[in-house]
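User: Hey, I've just opened this one and don't know my way around yet. Can you walk me through a few spots?
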Amino acid sequence: MANTITLEGQVRDEFGKGAARRMRVAQQIPATIYAGGAEPAFLKLPMKETTLALRRANALFTLKFGSESKMAVVKDVQRNPVKRQVEHIDFYEVRAGEKVVVDVPVFISGETKGAAVAFIDIQNLQVRADVTNLPERIDISVEGMADGEKVLAKDLKLPEGAELIIDDPEDSVVTVEVPKEESVETPVSAVAAEGEAAPAADAAAEAPADGDKAE
């Protein structure tokens, strides 16, 4: 279920790279709230609290700034490619009862049988759900599953009212299989021990010494 997080910011009336740089120095993050065809709202949010809040996947935000309060979900986050610091956030304004499409990460739990290992075939799934009930993650149990078994998209259990957006419901989301061992080449020493490499060894012994080619 979505986590409702309240962030209190301020109206943003400065724009451009210079203004954004000054905001970040002041430990603030510039943000924009889009609302369909309406004019976007511009605000700046406290850096520490906002960065921590972004760790929660598909959270529902209540953004307060000036005399306004808007409910929104994260649309896009821009980060510094080196420092990974949040540089700008785009929000999308939503209303109670509205449904949106979000990406939901897949996680597995449980123990498989024997040497079988569970592999996630689709890391993130698109789900349409009510803004007040957005799933943070999709947990799939592989308890007791054996080599060759799969969990298909159509088998997933989603929160009430949520709908999976996928082209083929037969797509495999998780596959359980025993990893194939890499082929191991027979060591040359083992072949020589059987006498198959003896002629080569004799020829090497008879060849004149060459210091430049010695291994």
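Analyst: Sure. Keep in mind that this is a predicted model. Let's start with an open sheet of three strands, ordered β8-β13-β11, with antiparallel pairing.

User: Which strands stand at the edges of it?

Analyst: Those are β8 (117–120) and β11 (150–152). Each has a single partner strand, so one side of each is left without a neighbour in the sheet. On average, neighbouring strands here are turned by 15 degrees against each other, ignoring direction.

User: And how many bridges join β11 to β13?

Analyst: Three, with β13 covering residues 172–177 and the two strands running antiparallel. For a spot to click on, Leu152 stands opposite Ser172 in β13.

User: OK, switching to helices. Which residues of α1 are buried?

Analyst: Helix α1 spans residues 17–25, and Ala19, Ala20, Met23 and Arg24 are the buried ones. Looking down the axis of α1, they fall within an arc of 135 degrees, so they line one face of the helix.

User: Why would residues a few places apart point the same way?

Analyst: An α-helix has 3.6 residues a turn, so residues three or four places apart end up pointing the same way.

User: What's exposed on the other side of α1?

Analyst: Lys17, Arg21 and Val25. The buried residues, meanwhile, pack against β2 (28–35), β3 (38–46), α2 (47–53) and β6 (86–93). Just after the helix, Gln27 takes a positive phi of about 60 degrees.

User: Wait, an arginine on the buried list? Why does Arg24 count as buried?

Analyst: Its relative accessibility is 18%, and the cut-off for buried is under 20%.

User: What does Arg24 touch, leaving out residues up to four places away in sequence?

Analyst: Met47, Gln85, Val86 and Glu87. Take Gln85: the C-alpha atoms of Arg24 and Gln85 are 9.5 Å apart, while the two residues are 61 apart in sequence.

User: New topic: how many salt bridges does the structure hold?

Analyst: Seven. One of them pairs Lys70 with Glu93, with the closest N and O atoms 3.5 Å apart. Lys70 lies in strand β5 (residues 68–79) and Glu93 in strand β6, so the pair ties together parts 23 residues apart in sequence.

User: Are Lys70 and Glu93 buried or exposed?

Analyst: Both are buried. Lys70 also forms a salt bridge with Glu68, again with 3.5 Å between the closest N and O atoms. Glu68 is partly exposed, at 37% relative accessible area. Through shared partners, Glu68, Lys70 and Glu93 form one network.

User: Got another salt bridge for me?

Analyst: Try Asp139 with Arg137, where the closest N and O atoms are 2.9 Å apart. Arg137 is partly exposed, with a relative accessible area of 42%.

How values were computed:
Residues numbered from 1 in each chain as written. Predicted model: local features only at pLDDT ≥ 70, side-chain atom pairs only at ≥ 80, totals over all residues. Heavy atoms only, no water. Buried < 20%, exposed > 50% of the residue type's maximum accessible area, 1.4 Å probe, protein only. Helix = DSSP H or I, 4+ residues; strand = E, 2+ residues; numbered from the N terminus. Arc of directions from axis to C-beta. Contact = heavy atoms within 4.5 Å. Pairing = 2+ DSSP bridges. Axes fitted to C-alpha atoms, helices over the stretch in contact; angles between N-to-C directions. Salt bridge = Lys/Arg side-chain N within 4 Å of Asp/Glu carboxyl O.
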